[in-house]
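Welcome! Let us take a short walk through this structure together, with the 3D view open beside the text.

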Amino acid sequence: MYLDVTRLLERVRAQSPTGIDRVEFEYAKYLHVNGANLVTQIGERLVIVPSDVSRELLDFAAKRWNGTNGAAATMMPKRFAAWDRRLEAERCVSKVLVALRNGRIREAFLTAFLSTISSVGSAPQSAKVRRTLILLELLKRLFFPSSAVVWLGRARMQGQTWYINVGHTGLNKSHMLNHLRTVCGIQIAIYIHDLLPVSHPHLFREGERDKHLTRIANVERNANVVLTNSRFTAGELFKRTNIKDAAVLEIGTLAHGGGGVAADGRSGFVSIGTIEPRKNYIWLVRCWLEFCEAHPELVGNEKLTIFGRAGWLSGAEKLELDKMADQRSRVQIISGASDREIGEKVASARAYVSAAHVEGWGMPLAESLSAGTPVIASDVPAHREVTQDQARFFRPGNADELIQLLTKCFDQREYQQMLQATSRFRPWGWDEHFKKLEAILAQSAGSSFSNMRQKFFDVA
């Protein structure tokens, strides 16, 4: 079995993970422990990540994203760092060889030069040191052509095995997926998180709809099994594509603790997600400030805290959001917080708030309820599903309804009812997720569930 961790390798240097990053990380932990190989993409080909490097990658990601202090969370482990440099050099060699094969000698040397000067890494190595090390690896590969990495799929595989992609990365590469299926005889399982760029293109950058349609078309042609995160997303696939039998595997809930914080010990409101139009942050902040101005005696010093890395907004929208956050003491926007920092804030918040126009799932909502923190959310299908109807909902764009719900958070009787609703929420479990995954793959392969591990988790 082979899990694609291209996204994880690209994102492990980030200070905090996105939702999809976390899903790929959980899959990598589970499958690697069970003997699966991790792979990453170079162009249209796949490279096998050595087992010792895989262990260091997962350990480094866990420490970095969990908020561990010190060198363990900033210094890449030695074997992982060395292999990462070889991988960068291999990517560069791949580009150079393509250019040389096409007779573009000048482009080949320019590619080699630009690849080294554009490669930046994380502490403790400076960008200059890292570029030098990658250049040395590149020269080694050019003069000693034997590859420094192990490629997957040069010939047809013996027996039956799986390639799994849960990060959307590389789904636009039709040749790669077709090669795995037809030449290597590998079964393909793809996890689709949403169809939002297709259903709501106005909420995404120009061109994202076409890119996502290309991904979905490649999945339709090549995937043996399609997995998805919610009944809502499965329904969208059924309605908008030729994928009629996607299996729903709900994303596991990260436990933040909490639940023991009394009502009078809770303060402030929290929202989590990339700063982009789909999350509707500008409207949310306007409503919050309107509420603060109307009820200063209730709000006191409490704030709305938004945890989110910069995504994209128009210049005017970004300026407006920054202005509202800078000029008022009621809003703070934090980028790069660790899971631990976010978890502590969520567990002690008065409520979690999401005003998103649309979602495919909604991990922070489930995590907030699991921590005993009430959730106020826009009434969209995925929000209903992920919260098991244990949130308080307002119609999207209805400021009066949102402000009424914010007011109820300061009413003792109403707020106790909101707290009680969190106890009825049952966290989505990763153990159950992976049991369902194994059963689905076994059924698709015509194998008994009891033979699943032996048959599909063999190390290549």
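We will visit an enclosed space first and then a single residue in a loop.

Please keep in mind that this is a predicted model. Begin with the space inside: the structure holds 1 cavity of 30 Å³ or more, and the largest cavity has a volume of about 40 Å³. Which residues line the largest cavity? You can find them by selecting Phe269, Leu284, Trp288, Leu304, Val353, Leu402 and Leu406. Two helices stand out in this lining, since at least two of its residues come from helix H11 (281-294) and at least two from helix H17 (399-408). As for chemical character, the lining counts 7 nonpolar residues, with no polar and no charged ones.

Now turn to Asn224, which sits in the loop that runs between helix H9 (208-222) and strand S7 (225-228). Is Asn224 buried or exposed? The answer lies in between: Asn224 counts as partly exposed because its relative accessibility is 37%, and partly exposed covers the range between under 20% for buried and over 50% for exposed.

Next, look at the neighbours of this residue. Leaving aside residues up to four places away in sequence, Asn224 touches Trp162, Ile186, Gln187, Ile188 and Ser444. Two of these names come back when we look at the Asn224 side chain. With the side chain of Gln187 it forms a polar contact of 3.3 Å, and the Asn224 side chain also reaches the backbone nitrogen of Ile188 at 2.7 Å. Finally, try finding Arg181: it is 43 residues from Asn224 along the chain, and the C-alpha atoms of the two are separated by 9.1 Å.

Definitions and conventions
Residues numbered from 1 in each chain as written. Predicted model: local features only at pLDDT ≥ 70, side-chain atom pairs only at ≥ 80, totals over all residues. Heavy atoms only, no water. 1 Å grid on protein atoms, 1.4 Å probe; cavity = no way out; pocket = protein on both sides within 12 Å on 5 of 7 lines; lining within 4 Å. Points joined across faces, edges and corners; volume = space filled by probe spheres on them. Helix = DSSP H or I, 4+ residues; strand = E, 2+ residues; numbered from the N terminus. Nonpolar A, V, L, I, M, F, W, Y, C, P; charged D, E, K, R; others polar. Buried < 20%, exposed > 50% of the residue type's maximum accessible area, 1.4 Å probe, protein only. Contact = heavy atoms within 4.5 Å. Polar contact = N/O pair within 3.5 Å; in protein donor to acceptor, adjacent residues only side chain to side chain.
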